[in-house]
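Welcome! Please look over the sequence and the model shown here, then work through the exercises below at your own pace.

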Amino acid sequence: MAITNAFEQSHPPLVVIAGGSSAAGVAVAQALVSAGFRVATVGSDAGRIKAAADQTGGALPFTCDLADPESVASLAEQIHHDHGTVDGLIHLVGGWRGGKGLAAQTDADWDFLHHSVLTTLRNTTRTFYADIAASPVGRIAIVSSTSVTAPTLGNANYAAIKAAAETWVQALASGLAGETTENTAAAVVLVVKALVDDAMRAKAPERKFPGFTDVAVMGQTVVGLFSTPAAQLNGDRIVLN
């Protein structure tokens, strides 16, 4: 499906970015806005998400506790009322907790990661799944980690949570494959070692950041998901450099 076909709807496709106040959230929103999408960028802090949206050239900021299902339901109601149904969900909510060895993999870190990564993913996808399944260009994407396939004792909590998130997305992909015979919607996993942005480079000019993925690359990759046929994407685990 060509990207031009996506805009044959009455309005350009609407994409929700969960975790939009991060550098990756800004970069993905910028790329989508530049490509002609409507973007709703969501964060838990009103000031931060507004500042992030101001950098994107047109994304609309929304404040929501994505770990609270009632708050997410209210978010969806507001978006539906003001902007219509959602065509894409890009889940960038994350965080990292690790330690030295297995004994340092604390329950507190596990609870933090479960709350930040899995709970927000479950709430947002359950809320917007029907919209995306019905969309002619429906896309769900999460950012995962290379640690899923190469875990260490020091990142056991993190790798396990990310693996669970990937399994959730595979379940979504299975559901989307059976929703319609046209196969217009897809759920995918984007895999990185870590992300890097200009601010990180400026703070540590001596660092090379080997294997890191620039947030701008992430943004362009997300835009490309909407111009790639869903049947070629659904269930993919795409490793970015």
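**Exercise 1: A pair of strands**

Task: find how many bridges join strand β1 to strand β4, and how the two strands run.

Solution. Strand β1 covers residues 14–18 and strand β4 covers residues 88–91; 4 bridges join them, and they run parallel. Strands here are DSSP runs of E with at least two residues, helices are runs of H or I with at least four residues, and both are numbered from the N terminus. Two strands count as paired if DSSP finds at least two bridges between them. For one example, pick Val16: its bridge partner in β4 is Leu89.

A word on the source: this is a predicted model, in which local features need pLDDT of at least 70 and side-chain atom pairs count only at pLDDT 80 or more, while totals for chains, interfaces and linings use all residues. Residues are numbered from 1 along each chain as its sequence is written, and side-chain values use heavy atoms, with hydrogens and water left out.

**Exercise 2: The whole sheet**

Task: give the strand order of the open sheet, and say which strands stand at its edges.

Solution. Step one: the 7 strands follow the order β3-β2-β1-β4-β5-β6-β9, with parallel pairing. Step two: β3 (60–63) and β9 (237–239) are the edge strands; each has a single partner, so one side of each has no neighbour in the sheet. Step three: on average, neighbouring strands are turned by 20° against each other, direction ignored.

**Exercise 3: Helices on the sheet**

Task: name the strands that helices α4 and α5 touch.

Solution. Contact means heavy atoms within 4.5 Å. Helix α4 (residues 69–83) packs on the sheet and touches β1, β2 (38–43) and β3. Its direction makes about 150° with that of β3. Helix α5 (residues 107–134) also packs on the sheet, touching β1, β4 and β5 (139–145), and makes about 170° with the direction of β4. These angles run from 0 to 180 degrees between N-to-C directions, with axes fitted to C-alpha atoms, for helices over the stretch in contact.

**Exercise 4: One loop residue**

Task: decide whether Thr184 is buried or exposed.

Solution. First locate Thr184, in the loop between α6 (156–177) and β6 (186–192). Buried means under 20% relative accessible area, exposed over 50%, and partly exposed in between (1.4 Å probe, protein chains only). Thr184 has 19% relative accessibility, so it counts as buried. Next look at its contacts: leaving out residues up to four places away in sequence, Thr184 touches several residues, including Pro136, Val137 and Ala230. A polar atom of its side chain lies 3.0 Å from the backbone oxygen of Ser135.

Definitions and conventions: Polar contact = N/O pair within 3.5 Å; in protein donor to acceptor, adjacent residues only side chain to side chain.
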